[in-house]
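Let's take a walk through a protein model, one spot at a time. Keep the picture open while you read.

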Amino acid sequence: MTTLPGWTEELERSRLHFVTGKGGTGKTTLAASLGLALAREGRRVLLVEVEGRQGFAQAFDTEPLPYAEQRIAAAPGGGELRALHVDVEAALLEYFEMFYNLGFAGRTLRRMGAIEFATTLAPGLRDVLLTGKIKECVGRTESNGRHTYDAVVVDAPPTGRVVRFLDVTRALTDVAKTGPIRGQAEGVVRLLHSGETAVHIVTLLEEMPVRETLDAVAELDGADLRPGAVLVNRVRPSRLPAPALLPAADGRVDAERVRSGLATAGLELPGNTVDALVAETVEHAVGIAAEQRSREQLAEADLPTLELADFAGGVDVAALYELADALVEQGVR
C-alpha cells in the first residue's frame with residue numbers, strides 16, 4: 001500500500017482551508033491546531049467559525065468571540081492567530097452597507113425581524129453571506145500589497161452538510177439573478193473551486209466516521225470541490241509488537257506464558273489479576289486491528305493522511321499546541 005505524503009506542495013499553496021468531519025470527531029480542535037501550525041514563523045492566520053457555537057472561544061478558553069477579527073493566540077516564531085465568529089445578521093447588514101449603501105435601512109430591517117425572514121425565505125442566502133465574508137478575509141490586502149492573512153482556516157459544517165454549504169453556485173439560484181450580491185457570490189465560486197482552497201476531513205479510525213469520510217470525498221469530487229488531507233484524530237499507539245497483534249486479536253494469548261514472564265520480572269500476581277491482564281490485552285489488540293482495517297479503507301480516498309494522537313485526559317490549550325507540533329512534523333507549513 002502506498003503512503004501519500006502528509007502535506008503536499010499543492011496543499012502548501014492553499015490559502016483557504018475548510019475543516020469538516022462527522023460530528024464528534026474533533027473538527028473544531030483540529031481546525032484550531034491547523035491554524036496554529038500554519039501561523040508558525042511570523043505568519044498571520046485567521047480562524048473563522050460559521051455555526052454559532054463559539055467553538056474556538058471554548059478551545060482557547062477565552063471570552064465568546066464578537067463579530068470582529070480578534071487575536072486569540074501566538075504561534076512559535078512570532079506568528080499570530082486571530083479568530084472571527086461570523087454572525088449571519090451582521091454579515092447581511094454589512095452587505096447592505098457595502099453594496100447598496102443601506103446601513104440605516106439595514107438596521108431598521110433588523111428591528112423588524114426582516115433579516116431572519118429573508119434568510120428563512122431564501123436559505124441559500126445564509127451560505128452566500130457566510131462564504132462571502134470568508135472570501136473577503138482571504139482576498140484582503142494591506143497598503144503594501146501583502147495579504148492581511150497568509151491563510152484562513154474555517155471550522156466548516158459537518159460532512160453531511162459541507163458540500164451544500166460550499167456549493168454557492170446552487171445557492172445562487174435561490175438568491176439573486178443579478179446585482180451586487182450575485183457578482184460577489186460569483187467571486188466566491190471562483191475562489192472555492194480554485195487551487196487556493198482545500199477541504200480537509202477529520203475522521204476517527206472507526207467504521208462510521210471512515211464511511212462518512214469516503215462519502216464526503218466522493219461528494220466533494222462530484223461538486224468539483226478539492227478534498228485536501230484526511231486528518232485522523234485520536235489515534236492510539238499499539239502496545240503490542242506487530243507479530244503478536246493478530247493472534248492476540250483472535251484471543252490467542254498464553255496466560256501461563258504471561259504469568260511466567262511476570263514472575264521472571266519479579267512480579268508475582270494472583271491468577272485473577274493475570275486473567276484480567278490477558279483480557280485487556282485481547283481487547284486492546286481487537287481495537288488496534290479494527291483501526292488497521294479502517295486505515296486500509298481510508299486509503300481508498302487516495303488523499304494525504306495525517307495522524308494525531310489521542311489525549312486521554314481531554315484537550316486543553318497546551319494540547320492544541322502539541323497537536324500543532326504534530327501537524328508541523330508531518331509537513332504542514
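What follows starts with the overall chain and then visits some helices, rings and single residues.

**The whole chain**

First things first: this is a predicted model. The protein chain has 15 helices and eight strands. Of its 333 residues, 47% are buried. Take the contacts between residues at least 6 apart in sequence: 75% of them join residues at least 24 apart. Keep that last figure in mind, as several of the spots below involve residues far apart in sequence.

**Two helices that pack against H14**

Helix H14 covers residues 271-298, and helix H12 covers residues 242-249. The two pack with their axes 8 Å apart, at an angle of about 105°. An angle from 65 to 115 degrees counts as roughly perpendicular, so H12 is roughly perpendicular to H14. On the H12 side, the contact is made by Leu245, Ala248 and Ala249. H14 brings Val282, Ala285, Val286, Ile288, Ala289 and Gln292. Sort these residues by class and you get eight nonpolar, one polar and no charged.

Now look at helix H11, residues 207-222, whose axis comes within 10 Å of the axis of H14. These axes cross at roughly 5°. Angles under 35 degrees count as roughly parallel, so H11 is roughly parallel to H14. Glu207, Val210, Arg211, Thr213 and Leu214 of H11 meet Ser294, Gln297 and Leu298 of H14. This contact has three nonpolar, three polar and two charged residues.

**A pair of rings**

How many aromatic pairs does a search of the whole structure find? The search turns up one. Its partners are Phe18 and Phe165, with ring centres 6.5 Å apart and planes at 75°. Planes over 60 degrees apart count as edge-to-face, so that is the label for this pair. Phe18 sits in strand S1, while Phe165 belongs to helix H8 (residues 159-166). With their positions 147 residues apart in sequence, the pair links distant parts of the chain. Are the two residues, Phe18 and Phe165, buried or exposed? Both are buried.

**Ala198, with Phe18 again**

Phe18 turns up once more when you look at Ala198, a residue of strand S6 (residues 197-203). Along the chain, Ala198 and Phe18 are 180 residues apart, yet their C-alpha atoms are separated by 6.3 Å. Not counting residues up to four places away in sequence, Ala198 touches Leu11, Ser14, Leu16, His17, Phe18, Arg226 and Gly228. Its relative accessible area is 0%, so Ala198 is buried.

**Arg15, a buried arginine**

Arg15 is in the loop between helix H1 (9-12) and strand S1 (16-21). Why does Arg15 count as buried? Buried means under 20% relative accessible area, and Arg15 has a relative accessibility of 12%, so Arg15 makes the cut. A polar atom of the Arg15 side chain lies 3.0 Å from the backbone oxygen of Val138. Val138 is also one of the residues that Arg15 touches, leaving out those up to four places away in sequence; the others listed are His147, Tyr149, Asp150, Ala151, Val152 and Glu196.

**Glu94, somewhere in between**

Glu94 lies in helix H4 (residues 88-100). With a relative accessibility of 25%, Glu94 counts as partly exposed. Leaving aside neighbours within four places in sequence, Glu94 is in contact with Tyr67 and Lys133. Glu94 and Leu129 are 35 residues apart in sequence, and from C-alpha to C-alpha they are 9.5 Å apart in space.

**Two loop residues with positive phi**

Here is a bit of background: most residues other than glycine have a negative phi. Now check out Glu41, which has a positive phi near 55°. Asp61 also has a positive phi, near 55°. The table shows where each of them is found and how exposed each one is.

| Residue | Loop between | Phi | Relative accessibility |
|---|---|---|---|
| Glu41 | helix H2 (27-38) and strand S2 (44-49) | near 55° | 59%, exposed |
| Asp61 | helix H3 (55-59) and strand S3 (70-75) | near 55° | 68%, exposed |

Exposed means over 50%, so Glu41 at 59% counts as exposed. Asp61, at 68%, counts as exposed too.

Methods
Residues numbered from 1 in each chain as written. Predicted model: local features only at pLDDT ≥ 70, side-chain atom pairs only at ≥ 80, totals over all residues. Heavy atoms only, no water. Helix = DSSP H or I, 4+ residues; strand = E, 2+ residues; numbered from the N terminus. Buried < 20%, exposed > 50% of the residue type's maximum accessible area, 1.4 Å probe, protein only. Polar contact = N/O pair within 3.5 Å; in protein donor to acceptor, adjacent residues only side chain to side chain. Contact = heavy atoms within 4.5 Å. Phe/Tyr/Trp six-rings, centres within 6.5 Å; stacked < 30°, edge-to-face > 60°. Axes fitted to C-alpha atoms, helices over the stretch in contact; angles between N-to-C directions. Parallel < 35°, antiparallel > 145°, perpendicular 65-115°, else oblique. Nonpolar A, V, L, I, M, F, W, Y, C, P; charged D, E, K, R; others polar.
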